[in-house]
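Dear colleague,

Please find below the structure that I am handing over to you, together with a summary of what was found in it.

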Amino acid sequence: MANKPQIDTYLIMDDIIEKLSLLDYENAFCKGWKHQRISRVYFAHPPLDEEEKDRIHMLYDIVYWLISLNKDKKTGVFINFKDFKGKLEDALTKLVNDLKKFGLPNVTNLKIENLRMGYGETVC
């Protein structure tokens, strides 16, 4: 059985930040959605001094912001993360289901428990 190649999440995050910059995410997302700018390694490693729900909130909002940029595709109704009242499983389930509706090809293998960590290969 062949070994799965190791993915460097730090390189992926660097690429993500470059692409977000092209979308002017600092103005369109950070200011509009009231979030701090993320670092080049934000989703690549475990949080040092951040609560799990804060990291999931960032992931949730940034994904929905990216989805909103595509006016041609419809997904489910956006629900504000705070409306989940700390129920991370419910928020992540909605996120995964809406990504499936959006038509991303690799979402069928996406596991909520991997997203719940808030970092690593699955999140990147």
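**Cysteines**

The sulfur of C30 lies 17 Å from the closest cysteine sulfur, which belongs to C124, and this is too far for a bond. C124 accordingly takes part in no disulfide, the sulfur of C30 being the nearest one to it. A disulfide is a covalent bond between the sulfur atoms of two cysteines. A search of the whole structure returns zero disulfides. Please bear in mind that this is a predicted model. As to their surroundings, C30 counts as buried because its relative accessibility is 8%, and C124 counts as partly exposed because its relative accessibility is 22%.

**Overall architecture**

The chain contains five helices and zero strands. Read from the N terminus, its elements follow the order α-α-α-α-α. For 124 residues, a compact globule would have a radius of gyration near 14 Å, and the chain agrees with this, having 14 Å. Along the principal axes, the C-alpha atoms fill a box of roughly 40 × 30 × 30 Å.

Of the 124 residues in the chain, 34% are buried. The chain exposes about 8,200 Å², and carbon and sulfur atoms supply 53% of that area. Contacts were also examined by their separation along the sequence: among those between residues at least 6 apart, 59% join residues at least 24 apart.

**Helix α3**

Helix α3 has 17 residues. From its first C-alpha to its last it reaches 24 Å, close to the 24 Å expected at 1.5 Å a residue. How much of α3 is covered? The helix is mostly covered, with 12 of its 17 residues buried. Among them are the aromatic residues Y60, Y64 and W65, as well as R55, H57 and D61. The buried set also includes I56, M58, L59, I62, V63 and I67. The cover over these buried residues includes α1 (9-22), α2 (25-31), α4 and α5.

**Salt bridges**

Side chains of opposite charge can pair when their charged atoms come close. The count for this structure comes to 10 salt bridges.

One of these salt bridges is formed by E50 and R55, whose closest N and O atoms are 3.1 Å apart. Are these two partners buried or exposed to some degree? E50 is partly exposed, at a relative accessible area of 26%, whereas R55 is buried, at 5%.

R116 takes part in two of the pairs described here. With E52, its side chain meets in a salt bridge of 3.3 Å, N to O. This pair links distant parts of the chain, since R116 belongs to helix α5 (residues 112-116) and E52 to helix α3 (residues 52-68), 64 residues apart. R116 is partly exposed, with a relative accessible area of 26%, and E52 is partly exposed as well, with 35%.

With E89, the side chain of R116 meets in a salt bridge of 2.9 Å, N to O. Here too the pair links distant parts of the chain: R116 is in helix α5 and E89 in helix α4 (residues 88-102), 27 residues apart. E89 is partly exposed, its relative accessible area being 37%. Elsewhere, salt bridges that share partners join D14, E18 and R40 into one network.

**Residue H45**

Where is H45 found? H45 sits in the loop between α2 and α3. Leaving aside residues up to four places away in sequence, H45 touches Y10, R55 and Y119. R55 is thus a contact of H45 and also the salt-bridge partner of E50. By contrast, H45 and E89 are 21 Å apart in space, C-alpha to C-alpha, and 44 residues apart in sequence.

Yours faithfully

Technical notes. Residues are numbered from 1 along each chain as its sequence is written. This is a predicted model: local features need pLDDT of at least 70, side-chain atom pairs count only at pLDDT 80 or more; totals for chains, interfaces and linings use all residues. Side-chain values use heavy atoms; hydrogens and water are left out. A disulfide is a pair of cysteine sulfur atoms within 2.5 Å. Buried means under 20% relative accessible area, exposed over 50%, partly exposed in between (1.4 Å probe, protein chains only). A salt bridge is a side-chain nitrogen of Lys or Arg within 4 Å of a carboxyl oxygen of Asp or Glu. Helices (H or I, at least four residues) and strands (E, at least two) are DSSP runs, numbered from the N terminus. The expected span of a helix is 1.5 Å times one less than its number of residues. Contact means heavy atoms within 4.5 Å. The radius of gyration is taken over C-alpha atoms; the globule rule is 2.2 Å times the number of residues to the power 0.38. Accessible areas come from the Shrake-Rupley method with a 1.4 Å probe; for residues, only the protein chains shown count as cover.
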